[in-house]
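Let's work through some exercises together, one small step at a time. Have a look at the structure first, then try each task before you read its solution.

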Amino acid sequence: MLSLRDPIHGYVKADALEARLLRVRPLQRLRWVRQLGLTHLVFHGAEHSRFSHVLGAMELAGQVYDALAQRSPNLLDADKRAPARRAVRLAALLHDIGHAPFSHSAEELFEEGLSHEDMTLRLIRGSEISEILAVDGDGVDTEQVCRILDGSGTEVEHLLSQIVSGELDVDKMDYLLRDSLFCGVRYGNYDLGRLLETMIALEDPETGSWGIGIDEGGVHAFEALVLARYYMFTQVYFNLTGKVLELHLNEWLREDGLRWPADPDTFVCHDDITAWSAMRASPSRHAEAITGRRHHTIAFETREHLTAAERDGFSALVEEIEADFEPGDLLVSNSAKDAHHLSASSLLVRHRDGRLTPMQAVSDFIGELSRIDRFRVYTRPDLTDTVGTLFTQRWKS
């Protein structure tokens, strides 16, 4: 057993198989990929890596599994060495190994149109990881881990996949607390202990499938998680300066024709360090905007919650005004995110009398939380007033 100190969870304990996997290149590479991309240029404490996050997610996956197994012994084996428990911990440990440099900041620039989830599956099926699982898996194999990550497989595997990626998953449960700590803010805090105490595996009476639900006493703890996520997006992930740095990053990558490799063996050689080295050597004004902190400034922004009609109208306005400027003079971000996806996932609440009710019917607060949808227009400092006046006048009309 390997014990690792963690600022969020105290200790993360890895068994022999997990300790072996921690040494492989795809996982060690995450030490050199920051969790929040370029956010450390805004919140100077945000130097934490994807490596620390996946360790925290693995630890939480074991805790969530134990909580569900305790209350559903006929569905999940409560043994600490149960193959299902070990598999979901491995899925959580490996779920982010396909992230490109700078994490989400430029993840849409893979060759072959891959997503980071696609690259994760390619890396898991590669020889470095699959051979370890084949020898030391002890009941856990490569394809089982992949099925948990892509949401396919048996009924139990589908439930396990929700532990890693769902409305109430260990990914967001860890990153909210971790990002909040390292950014020096408190927006991401919520009652983790109460959530673990009230999480339960529930069978949806309409579909017959099993999913993660909440006992009635945990509704407010779940609301706090949703609100924490909402505020982290509005205050940190969609930070005004952070968004323009992401725009410059993507412009630089496109300008220099750079793409993240689709070949797994080549991909693992790319991380934040290699990308920063290339950026410093590039003559691109967008690279200089990041490395020299000479980025565009804000000229105009919409309100935080646009209607669908307003969104379409502003997109059309951007196209009209951009035509009057040189390419790259205007950079436009659209920060859009749902604080929750309850209409799709139907997170169930178990009442004290045994009734099951969708969360959105129980929580008035969640039903009133609007989708974040905001546009921002950035430009060169010498054009800020001109561009700002154009957008202000045209948008009002």
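**Exercise 1. Find out how many helices and strands the chain has, and how its radius of gyration compares with the globule rule.**

Step 1: The chain has 20 helices and nine strands. Both are DSSP runs, numbered from the N terminus: helices are H or I with at least four residues, strands are E with at least two.

Step 2: The radius of gyration is 22 Å, and the globule rule gives 21 Å for 397 residues, so the chain is as compact as a globular protein of that length. Here the radius is taken over C-alpha atoms, and the rule is 2.2 Å times the number of residues to the power 0.38.

Before going on, note that this is a predicted model: local features need pLDDT of at least 70, side-chain atom pairs count only at pLDDT 80 or more, and totals for chains, interfaces and linings use all residues. Residues are numbered from 1 along each chain as its sequence is written, and side-chain values use heavy atoms, with hydrogens and water left out.

**Exercise 2. Work out what share of the chain is buried, and what share of its contacts join residues at least 24 apart.**

Step 1: Of the 397 residues, 54% are buried. Buried means under 20% relative accessible area, exposed over 50%, and partly exposed in between (1.4 Å probe, protein chains only).

Step 2: Take the contacts (heavy atoms within 4.5 Å) between residues at least 6 apart in sequence; 74% of them join residues at least 24 apart.

**Exercise 3. Describe the surroundings of Ala82: is this residue buried or exposed?**

Step 1: Ala82 sits in the loop between helix H3 (50-71) and helix H4 (83-94).

Step 2: With a relative accessible area of 3%, Ala82 is buried.

Step 3: Leaving out residues up to four places away in sequence, Ala82 touches Tyr65 and Asp77.

Step 4: Val140 is 58 residues from Ala82 in sequence, and their C-alpha atoms are 9.5 Å apart.

**Exercise 4. Locate Asp141 and say which backbone nitrogen its side chain reaches.**

Step 1: The loop between helix H6 (127-136) and helix H7 (142-150) holds Asp141.

Step 2: Asp141 has a relative accessible area of 40%, so this residue is partly exposed.

Step 3: The side chain of Asp141 reaches the backbone nitrogen of Gln144 at 2.7 Å.

**Exercise 5. Where is Thr302, and which residues does it touch?**

Step 1: Thr302 lies between strand E5 (297-301) and helix H16 (308-322), in a loop.

Step 2: Its relative accessibility is 4%, so Thr302 counts as buried.

Step 3: Not counting residues up to four places away in sequence, Thr302 touches Phe314, Asp373, Arg374 and Phe375.

Definitions and conventions: Polar contact = N/O pair within 3.5 Å; in protein donor to acceptor, adjacent residues only side chain to side chain.
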